[in-house]
Amino acid sequence: MNAPAGFSKRGWLLFGAMALLWGVPYLFISIAVESISPPAIVAGRTLIAALLLLPFALRSGALRAALKHWPWILAFGAVEMAGPFLLLGHAELTLPSGMTGLLVATVPLFAALIALSGGDRGVLRPARSIGLLVGFVGVAIVVAGPGLFGGEVSLFAAGEVLLVAVLYAIAPFIVARKLADVPSLGTITLSLLMIGIFYLPIGVLTQHEVPTLPSMFALLALAVICTAVAFLAFFALIREVGPVRAPLFTYVNPIVAIVLGAIVLSEPLTPGLLIGFPLVIIGCWFAGTGGRLRPPASALPPPAPL
């Protein structure tokens, strides 16, 4: 995929890093849920990441600034982390990691609909409207594919992942409208800390077995690599290339998720997945950018990460 013009060498490196950092969580989640309950995964992932970021947030004064806006930061954490992290963990008890990653890639489609409801008439432009239609057709093929070509998929689990995509589409609007003046490091650290503390007792009560070493390593990777490091890299990418072009890496994430799922977990590449995959990616691209490498200033806010 050609990146937008104007990327610096640092921008390219960060772009590639984010494509990987938020393409691998689905693999780690799939391994972690083998012996760790979804609430325990959320608690561990958020608390470990929060503790890693806390010294930086304290030293920079970002946490103090964020505390003044804690109600909206809590709302952001609920939409960005509390709901999605739990839903993804539960969905991957039955859903392949590659399919999960692809369904989450529908974030731009839902973001386009949210923008339309907020008065962004640019979504009605032909290219973006066609993108919405093509993207949702792709999702339908991915979800219905096992039934059409043999096999089965949990519609409930697929619905959970699509709900995650909706929540990820909502989260950036909270940041843009209510937390624009709050340091990003403070917002992320405080939200991770609050969500982790909330889920800690739930995680303890729902964890009924001793976690295996692979699950523990997967949880640690989720916390350190896919949360703490990824958030720092994400905001560095925003500073480097701007909030309009930064989210373009999300179109590469499903490729990483599907390839890793097939190689590491031997997940099948079903006909429904192979047919629906390009339709979802193409639909998301046109719905989010109108088919341009550099979307206009009125384009959607960046999709939320995993």
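Leaving aside its neighbours within four places in sequence, with which residues is Ser30 in contact? In this predicted model, Ser30 touches Glu92, Ser97, Leu265 and Glu267 once those sequence neighbours are set aside. Ser30 itself lies in helix 2. With a relative accessibility of 12%, Ser30 counts as buried, because the cut-off for that class is under 20%.

One of the partners of Ser30, Ser97, leads to helix 6, which comprises residues 97-104. Eight of the eight residues of helix 6 are buried, so this helix is largely enclosed by the rest of the structure. The buried residues begin with Ser97, Gly98, Met99 and Thr100, and continue with Gly101, Leu102, Leu103 and Val104.

Returning towards the start of the chain, one comes to the loop between helix 1 (9-21) and helix 2 (25-32), where Val24 is placed. Val24 has a relative accessible area of 9% and is therefore buried, the limit being under 20%. Apart from neighbours within four places in sequence, Val24 is in contact with Cys226, Val256 and Leu260. A further pairing across the chain concerns Val24 and Ile258: these residues are 234 residues apart along the chain, yet 9.4 Å separates their C-alpha atoms.

Helix 1, which precedes this loop, can be examined for its length and for its packing. Its 13 residues, at 1.5 Å a residue, should span 18 Å, because the expected span is 1.5 Å times one less than the number of residues. The end C-alpha atoms of helix 1 are 18 Å apart, which agrees with that expectation. As for packing, the buried residues of helix 1 are Gly11, Leu14, Phe15, Met18, Ala19 and Leu21. These buried residues pack against helix 2, helix 11 (213-241) and helix 12 (253-264).

Elsewhere in the model, helix 5 (residues 70-91) meets helix 9 (residues 155-178). The axes of helix 5 and helix 9 come within 9 Å and cross at roughly 165°. Angles over 145 degrees count as roughly antiparallel, and helix 5 and helix 9 are therefore roughly antiparallel to each other. The crossing in which helix 5 passes helix 9 is left-handed. The residues that form the contact of helix 5 with helix 9 comprise 20 nonpolar, two polar and three charged residues.

Terms used
Residues are numbered from 1 along each chain as its sequence is written. This is a predicted model: local features need pLDDT of at least 70, side-chain atom pairs count only at pLDDT 80 or more; totals for chains, interfaces and linings use all residues. Side-chain values use heavy atoms; hydrogens and water are left out. Helices (H or I, at least four residues) and strands (E, at least two) are DSSP runs, numbered from the N terminus. Buried means under 20% relative accessible area, exposed over 50%, partly exposed in between (1.4 Å probe, protein chains only). Contact means heavy atoms within 4.5 Å. Axes are lines fitted to C-alpha atoms, for helices over the stretch in contact, and angles run from 0 to 180 degrees between N-to-C directions. Angles under 35 degrees count as roughly parallel, over 145 as roughly antiparallel, 65 to 115 as roughly perpendicular and the rest as oblique. A crossing is left-handed if the near helix is turned anticlockwise from the far one by less than a right angle, and right-handed if clockwise. Ala, Val, Leu, Ile, Met, Phe, Trp, Tyr, Cys and Pro count as nonpolar, Asp, Glu, Lys and Arg as charged, and the others, Gly among them, as polar.
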